[in-house]
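Open the model in your viewer and keep the sequence panel beside it. The stops below can be selected one after another.

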Amino acid sequence: MKKFMSVCILSGLVSGFSPSIISAKTLSGQEIFTRNCSVCHSVMPPPKNAPPITPLASRYHQRFKTKKEGVNHLVTYLKSPNKDNAIDPQAITRFGLMPALVLPDAELRTVAEWVWDQYNPNMGMGRGMGMGRGRGMNQ
Ligand code: HEC
C-alpha cells in the first residue's frame with residue numbers, strides 16, 4: 001500500500017510537472033502576452049492602461065510593408081520605448097510612455113510576431129470603441 005501511494009505521488013508529480021516544462025520551452029506569443037503585457041494591454045478595445053493590441057497591429061501594418069520590418073520595429077520599441085520611435089505618439093500623451101520590458105530576445109520576437117498577427121483587416125483603424133468585439137479571433 002505504501003509503495004502504491006508513492007507511485008501515485010510520483011506519477012502525479014511527473015504529470016504535474018511535464019506540461020509546465022514543455023510550455024516553458026515553447027511559450028506561444030499569446031502566453032507571453034498574457035504573462036507580460038495583458039496587465040496593461042487589452043487585445044480589443046476598450047483599453048486598459050494602454051492602447052489595445054488590435055488597433056496597434058493595424059497601425060503597424062499600415063506603416064510597415066513586411067512582417068520582418070514590423071517585428072523588428074516592435075522588438076526595438078519593447079526594449080526601449082521612446083517618443084521618437086513610437087508609432088502612435090498620441091498614445092504616449094494619453095497613457096504615458098510604456099516601460100521598457102526585460103525579456104529574452106526570443107520571447108520579445110515571438111510576442112512581436114503575435115502582435116503583428118493580431119491585425120484584422122475588417123477592423124479598419126479600430127478607432128471605434130467596442131467595435132468588432134468577438135471578431136478577429138478566428139484566424
Ligand atoms: C506597464 C504597462 C505596460 C506593459 C506591461 C506593456 N505595455 Fe505596451 N504600452 C504601454 C503604454 C502606456 C503604451 C502607449 C505609449 C507608448 O507607446 O509608449 C504602450 C505601447 C505599446 C505598443 C505601441 C508601440 C509603438 O510603436 O508606438 C506596442 C506594440 C506595445 N505596447 C506592445 C506591448 C507588448 C507586446 C507588451 C508585452 C511584451 C507590452 N506592450 C507591455 C504600456 C505597457
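Select helix H3, residues 53-63, in this predicted model. Its buried residues are Ile 53, Thr 54, Pro 55, Leu 56, Ala 57 and Tyr 60. What do these buried residues of H3 pack against? Show H4 and H6 as well: the buried residues of H3 pack against both of these helices.

Next, go to the loop between H2 and H3, where Pro 46 is placed. Display the backbone from Pro 45 to Pro 46 and check the peptide bond: the bond is cis, with omega near 5 degrees. As background, most peptide bonds are trans.

Now select helix H2, residues 29-36, together with H6, residues 105-117. At what angle do H2 and H6 pack? The angle is about 105 degrees, and the axes are 8 Å apart. H2 is therefore roughly perpendicular to H6, since angles of 65 to 115 degrees count as such. To see the contact itself, show side chains on both helices. H2 contributes Gly 29, Gln 30, Ile 32 and Phe 33. H6 contributes Glu 107, Thr 110, Val 111, Glu 113 and Trp 114. Coloured by class, the residues of this contact divide into four nonpolar, three polar and two charged.

Move on to the ligand and select the residues around it, 26 in number. Cys 37, Cys 40, Ala 50, Ile 87 and Met 98 come nearest. Which elements give two or more residues to this shell? They are helix H4 (67-79), helix H5 (89-95) and helix H6 (105-117). Colouring the shell by class gives 21 nonpolar, four polar and one charged residues.

Zoom out to the whole protein chain. The chain has six helices and zero strands, and along the sequence the pattern reads α-α-α-α-α-α. Of its 139 residues, 19% count as buried. Turn to the contacts between residues at least 6 apart in sequence: 63% of them join residues at least 24 apart.

Finally, colour the chain by pLDDT. The mean is 82, and 70% of the residues reach 70 or more. Then select residues 126-139, where the pLDDT is below 50. Beyond near neighbours in sequence, this stretch has 21 contacts in the model. Where pLDDT is low, the predicted coordinates should not be read in detail.

Terms used
Residues are numbered from 1 along each chain as its sequence is written. This is a predicted model: local features need pLDDT of at least 70, side-chain atom pairs count only at pLDDT 80 or more; totals for chains, interfaces and linings use all residues. A residue is near a molecule or strand if its C-beta atom, placed from the backbone, lies within 6 Å of it. Helices (H or I, at least four residues) and strands (E, at least two) are DSSP runs, numbered from the N terminus. Ala, Val, Leu, Ile, Met, Phe, Trp, Tyr, Cys and Pro count as nonpolar, Asp, Glu, Lys and Arg as charged, and the others, Gly among them, as polar. Axes are lines fitted to C-alpha atoms, for helices over the stretch in contact, and angles run from 0 to 180 degrees between N-to-C directions. Angles under 35 degrees count as roughly parallel, over 145 as roughly antiparallel, 65 to 115 as roughly perpendicular and the rest as oblique. Two residues are in contact if their C-beta atoms, placed from the backbone, lie within 7 Å. A residue is buried if 20 or more other C-beta atoms lie within 10 Å of its own, exposed if 12 or fewer, and partly exposed in between; C-beta atoms are placed from the backbone. pLDDT is the predictor's confidence in each residue, from 0 to 100.
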